[in-house]
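Okay, everyone, I've got a short walk through one structure for you today. Let me put it up on the screen, and then we'll go straight in.

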Amino acid sequence: MSGNTHFQVLLRYSESPRTVMLTMRRVAGVEMTRSGGMKSGSKPERERLRHEMLASGRGIAEIAAEMVRRWRFNPRQAWRYAHGLSQDEVAARCTALRGGDRAPLTGKRISDYEAWPQRGSRPTVRVLALLAQVYGARPGDLLGPDEWPLVPESDRLVLGHLVTTWIGVPDETEHHASHADDPGPEGSGPEVPGPAPRPAPLGPAALAPVALTPAAIRAAAHVSGEHAEWAEVTEVGPVTLEQLDHDATELARRYILVDPGEIFTELIRLRDRVYRLLARRSRPAQQTHLYLLAGQACGLLASASLELGCHDAAVEQANAAWAYAEIIGHRGLRAWLRGTQALIAFWSGRARESVQLARAGRDYLRGGTGFVRLCNIESRGWAHLGNRAETERVITMGHRTRDLPAAPDELHDVVGGEFGFDEARQAFCNAGAYVQLGMPKLAVRAAERALRLYPSTAERNRRYGGEASTRLEMTAAHLIDHALDAAGADLEPVVTAPEDRRPAQFGAKLAAIHATLNCPPYANSREARELAERIRVLATSTRGSG
């Protein structure tokens with residue numbers, strides 16, 4: 001009987017539109033079965049296919065792909081069916097992975113994610129990462145080709161860095177799917193699958209003290225980027241985590257005391273230790289802890305790469321750190337990284353992007369040190385764009401936020417160091433913004449405040465090159481104000497300082513002052529020419545960090 005004949009019969013004999021639809025579905029199902037085409041994908045059929053493929057040695061990924069091909073399921077449905085899990089079971093496992101301090105997921109929520117994009121809710125990056133851990137899939141595997149264009153570009157970028165691989169041994173994968181609810185020994189907690197072997201991080205030979213060339217810095221960034229694409233979980237004891245916490249904190253605090261090149265290899269060692277642990281299995285809380293450490297290490301490497309003049313490497317390190325922060329939803333780390341990305345954009349000549357990134361970072365905080373830092377980074381961008389009103393607005397916002405009481409933030413206040421942002425640094429940033437706007441009086445006032453604050457800061461917290469950087473800003477302010485003698489006096493301590501105490505972007509700042517001295521009204525001044533010559537000689541001996 002043809003399809004048209006069926007339709008005529010149904011119209012003639014059915015009593016209601018609902019009966020028509022039910023009968024059409026029933027007849028269509030019989031017809032498709034008799035013709036050998038696709039079946040309905042009911043639970044018995046899915047289970048039969050799953051067990052047949054497992055018995056023949058096929059993996060979960062292959063089962064999911066076959067279900068997509070045969071029954072047109074979307075990938076999120078197919079992976080769940082391939083494991084033989086209900087929506088409630090998936091929700092329970094996601095809740096266990098997120099930890100007990102958050103509201104539990106429900107089967108209804110999983111249903112909403114599976115119904116998208118026709119209806120329901122679009123799964124976020126964090127949701128896809130959770131589901132990927134439950135299924136032993138890569139986050140991107142849970143989106144179909146027709147769904148990728150519907151995902152925001154920012155999420156696609158993060159998904160490009162998050163790759164959670166499934167275990168390649170079918171019986172292990174099936175064991176995980178069937179027994180993940182088994183608590184095992186008392187207190188052991190659930191486990192999540194770990195990855196297959198990946199390219200090894202830099203070994204001891206590669207970490208021997210060598211001259212840090214741009215190629216070496218970029219190579220370190222590539223390792224971070226590759227591992228961010230292979231992010232997985234591990235099992236590690238509390239003593240190891242405590243040691244890693246101690247090392248990460250010490251490196252963050254030492255960072256502001258020394259040239260970044262002095263601790264670059266130590267940062268790589270920390271990162272690679274975390275990566276080695278990220279190659280096994282972990283309980284959810286340990287996994288979150290390790291991702292935080294990986295984000296801190298790559299974040300510090302991003303800052304170091306920027307100060308060493310490798311902006312492209314800094315971008316890659318920051319993107320890797322951002323991927324880890326996204327996995328665990330750490331608001332403090334995400335705020336700090338947005339600020340770091342804003343700094344990279346600023347020093348790469350992309351002031352408007354810098355403003356946008358700094359402003360986006362404030363969405364993760366309600367106040368405190370991190371918020372103040374983002375206000376000041378944003379002010380530098382606005383000043384470079386010549387927007388005086390916005391510059392003064394965010395500078396004022398930063399000072400008001402500093403004066404408000406706020407609970408200490410774990411990253412910005414407890415760890416501190418490069419993750420912190422004290423009043424001296426704030427005053428220095430104010431001075432730089434005012435110089436950019438051509439407001440020398442305010443710039444000198446802010447710089448003088450920074451210089452007063454530096455000696456009052458405990459020696460272990462004094463930023464490397466902070467005073468020299470401030471004097472460079474003060475010198476530029478005096479030149480704008482046509483005070484050549486004052487400029488020379490402020491520059492003198494910088495010119496005579498040892499090379500190993502010169503701050504980041506030293507060469508670029510000297511070049512800007514040198515250019516000013518060679519333009520009117522200083523071009524015909526003997527004193528200006530002498531000062532310019534001293535700067536030229538000094539610049540030739542300065543590393544190319546600008």
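Pro521 sits in the loop between α25 and α26, with α26 covering residues 526-540. This is a predicted model, by the way, so keep that in mind as we go. Now look at the bond leading into that proline: Pro520 and Pro521 are joined by a cis peptide bond, with omega at about 5 degrees.

Where else is there a cis bond? Go to Trp116 and Pro117: the peptide bond from one to the other is cis, with omega near 10 degrees. Pro117 is again a loop residue, between α7 (107-115) and α8 (125-135).

While we're on backbone oddities, have a look at Arg72. Its phi is near 60 degrees, so that's a positive value in a residue that isn't glycine. You'll find Arg72 in the loop between α4 (60-71) and α5 (75-83). Why point these out? Because most residues other than glycine have a negative phi, and most peptide bonds are trans.

Right, on to helices. For two packed helices, what we quote is the angle between their axes and the distance between the axes.

Let's take α12 and α13, residues 238-255 and 260-277. They pack at an angle of about 160 degrees, with axes 11 Å apart. Over 145 degrees counts as roughly antiparallel, and that makes α12 roughly antiparallel to α13. The crossing is left-handed. On the α12 side, the contact residues include Gln243, Leu244, Asp247, Leu251 and Arg254, and on the α13 side, Ile263, Glu266, Leu267, Leu270 and Arg273 are among them. By class, this contact has 10 nonpolar, 2 polar and 4 charged residues.

Next pair: α14, residues 284-307, and α16, residues 331-347. Their axes come within 11 Å and cross at roughly 15 degrees, so these two helices, α14 and α16, are roughly parallel to each other. Left-handed crossing here too. From α14 you get residues including Leu292, Gly295, Gly299, Ala302 and Leu306, meeting α16 residues such as Trp336, Leu337, Thr340, Leu343 and Trp347. How many charged residues are in this contact? None: the contact of α14 with α16 has 10 nonpolar and 5 polar residues, and no charged ones.

Third pair, α21 and α23. The axes come within 9 Å and cross at roughly 30 degrees, so α21 and α23 are also roughly parallel to each other. The crossing of α21 and α23 is left-handed. In α21 it's Phe428, Ala431, Gly432 and Val435 that do the meeting, and in α23 it's Ser469, Thr470, Glu473, Ala476, Ala477 and Ile480. That contact divides into 6 nonpolar, 3 polar and 1 charged.

Hang on to Val435, Glu473 and Ala476 from that list, since we need them for the last stop, the largest pocket. How much space is in there? About 460 Å³. The lining has 17 residues, and the closest to the pocket's centre are Val435, Gln436, Glu473, Ala476 and Ala512. Which elements give two or more residues to that lining? They are α16, α18 (369-384), α21 (423-437), α23 (466-480) and α25 (506-517). So you've already met α16, α21 and α23 as packing partners. As for chemistry, the lining splits into 10 nonpolar, 4 polar and 3 charged residues.

That's my tour; happy to go back to any of the views.

Key. Residues are numbered from 1 along each chain as its sequence is written. This is a predicted model: local features need pLDDT of at least 70, side-chain atom pairs count only at pLDDT 80 or more; totals for chains, interfaces and linings use all residues. Side-chain values use heavy atoms; hydrogens and water are left out. Axes are lines fitted to C-alpha atoms, for helices over the stretch in contact, and angles run from 0 to 180 degrees between N-to-C directions. Helices (H or I, at least four residues) and strands (E, at least two) are DSSP runs, numbered from the N terminus. Angles under 35 degrees count as roughly parallel, over 145 as roughly antiparallel, 65 to 115 as roughly perpendicular and the rest as oblique. A crossing is left-handed if the near helix is turned anticlockwise from the far one by less than a right angle, and right-handed if clockwise. Contact means heavy atoms within 4.5 Å. Ala, Val, Leu, Ile, Met, Phe, Trp, Tyr, Cys and Pro count as nonpolar, Asp, Glu, Lys and Arg as charged, and the others, Gly among them, as polar. On a 1 Å grid over the protein atoms alone, a cavity is a set of points where a 1.4 Å probe fits but cannot get out, and a pocket is an open set with protein on both sides within 12 Å along at least five of seven lines; lining residues have an atom within 4 Å of a point. Grid points are joined across faces, edges and corners, and a volume is the space filled by probe spheres set on the points.
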